[in-house]
Structures are given as C-alpha cells and as structure tokens.
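Biologist: Please take a close look at the empty space inside this protein, beginning with the pocket and then turning to the enclosed cavities. Which residues and elements form the linings?

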Amino acid sequence: MNPLLWAARNGPYVLVSGLAMGLLLPSLAEPMRPLLAPLVVLLLFVTILRMEPAAILGSLADLRQVMAAVIGFQVLTPLVIIFVGFVGGWTGTAVILALLIMTAAPSISGSPNLCMMMGYPAEHAMRLVVVGTALLPLTALPIFWLIPELGDLGAVLKAAFSLFLTISGVTVVAVGLRRTALRNPSARTLMQLEGAATITLAVFVIGLMPSVSNAALSDPLLAAFWIAFACLVNFGAQAATLQLTRRRLAPAQATAVSLIAGNRNIALFFVALPPEVTAPIMVFIGAYQIPMYLTPLVMRRMYSA
C-alpha cells in the first residue's frame with residue numbers, strides 16, 4: 001500500500017499519531033528541532049503544489065473579505081482581550097497573556113491542509129495565511145503599544161517578515177512548477193501530495209510537545225488546566241465563528257475562516273518574544289497543539305453539518 005495515499009485517506013488519525021508520539025516520546029523532540037523550519041517550508045510547498053494556481057489569488061471581492069477577517073481576528077479580538085484585562089486587572093496574568101498572543105497571531109501555515117481534511121478547497125485558507133502574515137507588522141503595533149510587557153516589537157516584526165518572505169518564495173516556486181511540470185496532475189498525484197502534507201504535519205508536532213510532557217510529570221494539574229484551556233479557546237473560537245459565518249459565507253469560506261479563528265501561529269511570538277514573557281505560558285504553547293491536531297477528528301462533524 002502506498003503510504004502517501006494511506007496518509008491522505010486517514011489524515012486525522014495520522015495527525016493524532018504524531019501528537020501521541022510527541023507526548024509519549026519527548027526524547028524525539030531534541031533531534032527534531034533543527035528540522036522544524038525545513039518542515040514548515042516543505043508543508044507550504046506541498047500544500048500550494050496541490051492547489052489550482054488560478055484559484056489561489058481569488059476574486060477581488062474575496063480578498064476584501066479576507067482583509068476584513070484578518071482585521072477582525074488580529075486587531076479587534078486582541079483589543080477586546082486587552083479591554084477585559086484592564087477592566088478586571090488581569091493584564092499581567094498568564095491566561096490573558098496566552099489569549100493575547102493567540103488572538104494577535106495570524107493563521108497557522110497548516111490551515112489549508114485542515115480545510116482539505118474537512119473536504120473543502122484550501123484556497124480561501126491560503127489567502128488568509130498570506131494576508132494575515134503580511135499584515136502582522138501593522139496589526140501587531142496597537143497590541144504592543146498597549147501592552148509594553150510583551151517586549152520587543154521589532155523581533156516579532158522581523159519574524160513575521162521572514163515568514164512572509166518564505167511563504168512568498170515558496171508560493172512562486174510551487175505555482176511555477178504547477179504551471180509547467182505538473183500542469184494536469186492526476187487524482188492519484190493530488191492524493192499523494194495531500195498525504196505528504198499530512199505526514200509532514202504529524203512529524204512537525206513531535207518537536208513541539210516536550211513542554212506538555214514535562215509539565216504532566218512535574219505538575220499534572222497545571223498541565224491538565226492548560227490543555228483544557230487550550231481546547232476551550234480553540235474549539236470554542238471555531239464553533240462561535242462558524243455560527244456567525246455559516247449563513248453569511250459560502251461553506252468553503254465559512255470553514256476556512258472558522259478554522260483559522262481557533263488555529264493561530266503563536267510560534268511566531270514564541271520565537272520572537274523574550275524568555276521572561278513566554279516562560280509563564282510555555283505549557284500553553286505546547287498544549288495549544290493538541291486541539292489544533294485534533295481539529296479534523298473532533299470538529300469534522302460540525303463543519304459537515
């Protein structure tokens with residue numbers, strides 16, 4: 001049996017397997033860390049290679065909707081979190097900081113793959129990834145200005161700019177290859193590409209889970225709290241957004257927007273912010289991967305209803 005085809009047909013279970021390996025075998029994380037950046041590039045490349053080039057850009061109307069979604073997610077939502085934190089006097093707490101970093105971040109680069117696992121095209125999610133990452137230098141400005149405890153805005157902007165350049169470069173190469181050597185791919189080839197992306201996602205998570213494993217051994221209640229909190233905010237954001245968009249947008253667009261509402265690239269802030277800022281929420285950063293990788297399994301029925 002072709003492992004790529006098998007992975008494409010069983011994507012949610014492949015992701016859960018990677019998640020389980022990351023939790024149960026934390027010793028695998030150390031050799032995996034140097035591979036995390038190349039795996040992100042490979043995931044983007046394979047994902048874009050599977051898309052129809054003409055559908056990636058989309059219509060001007062769709063791009064306006066994308067801009068509105070990005071501003072709502074990356075500016076308005078974190079501003080609401082900041083307001084609640086100020087009113088309640090909780091701005092320095094780990095919970096508010098975790099919510100702030102999550103809501104200020106753009107979409108994860110794997111959101112197009114999640115859309116495909118739900119049975120919807122990936123183009124809408126890809127536009128949200130590109131536009132959200134491109135606008136992060138602007139959307140992050142009010143957040144860092146209001147909460148100076150977050151640290152160095154320049155480091156975050158540098159990381160966002162680097163990611164945007166990576167996405168742009170990979171997109172150009174993948175679209176060029178799709179227009180030439182892979183102009184008319186067969187259904188089998190597209191399935192193999194989807195399987196390759198699924199396996200890449202499953203391998204990627206192994207390097208991100210030691211913080212949860214270590215916390216579970218040293219303080220099980222703390223680990224349980226952050227896992228439950230991560231699942232609540234991730235799945236809750238998806239469910240609430242789908243209810244708001246289901247009757248206003250086409251199913252593929254509503255699915256992409258809802259998936260991204262809960263699944264954000266908080267790793268951008270993790271690599272850029274100082275350790276004293278990220279230390280209190282390290283377990284959350286690891287625990288956040290759990291609902292992200294469980295999304296195709298747990299939320300599939302909601303998106304197909």
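Modeller: The following account covers the largest pocket and then the cavities. The model is a predicted one.

The largest pocket holds about 870 Å³ of space. Its lining comprises 35 residues, and those closest to the centre of the pocket are Val40, Phe204, Leu208, Asn265 and Ala267. Several helices give two or more residues each to this lining, namely H4 (36-50), H10 (153-179), H11 (187-206), H12 (210-218), H15 (267-272), H17 (282-287) and H18 (289-298). The most comes from H4, which supplies six residues. In terms of chemical class, the lining of the largest pocket has 23 nonpolar, ten polar and two charged residues.

As to enclosed space, three cavities of 30 Å³ or more are present in the structure. The largest cavity has a volume of about 40 Å³, and its lining is formed by Leu15, Ile108, Gly110, Leu114, Leu201, Met292 and Tyr293. Six of these lining residues are nonpolar and one is polar, with no charged residue.

For the second largest cavity, the volume is likewise given as about 40 Å³. Val70, Phe73, Gln74, Ala105, Pro106, Ser107, Leu128, Ile260 and Arg264 line this second cavity. Helix H6 (residues 60-88) contributes the largest share of that lining, with three residues. By class, the lining of the second largest cavity divides into six nonpolar residues, two polar and one charged.

Conventions: Residues numbered from 1 in each chain as written. Predicted model: local features only at pLDDT ≥ 70, side-chain atom pairs only at ≥ 80, totals over all residues. Heavy atoms only, no water. 1 Å grid on protein atoms, 1.4 Å probe; cavity = no way out; pocket = protein on both sides within 12 Å on 5 of 7 lines; lining within 4 Å. Points joined across faces, edges and corners; volume = space filled by probe spheres on them. Helix = DSSP H or I, 4+ residues; strand = E, 2+ residues; numbered from the N terminus. Nonpolar A, V, L, I, M, F, W, Y, C, P; charged D, E, K, R; others polar.
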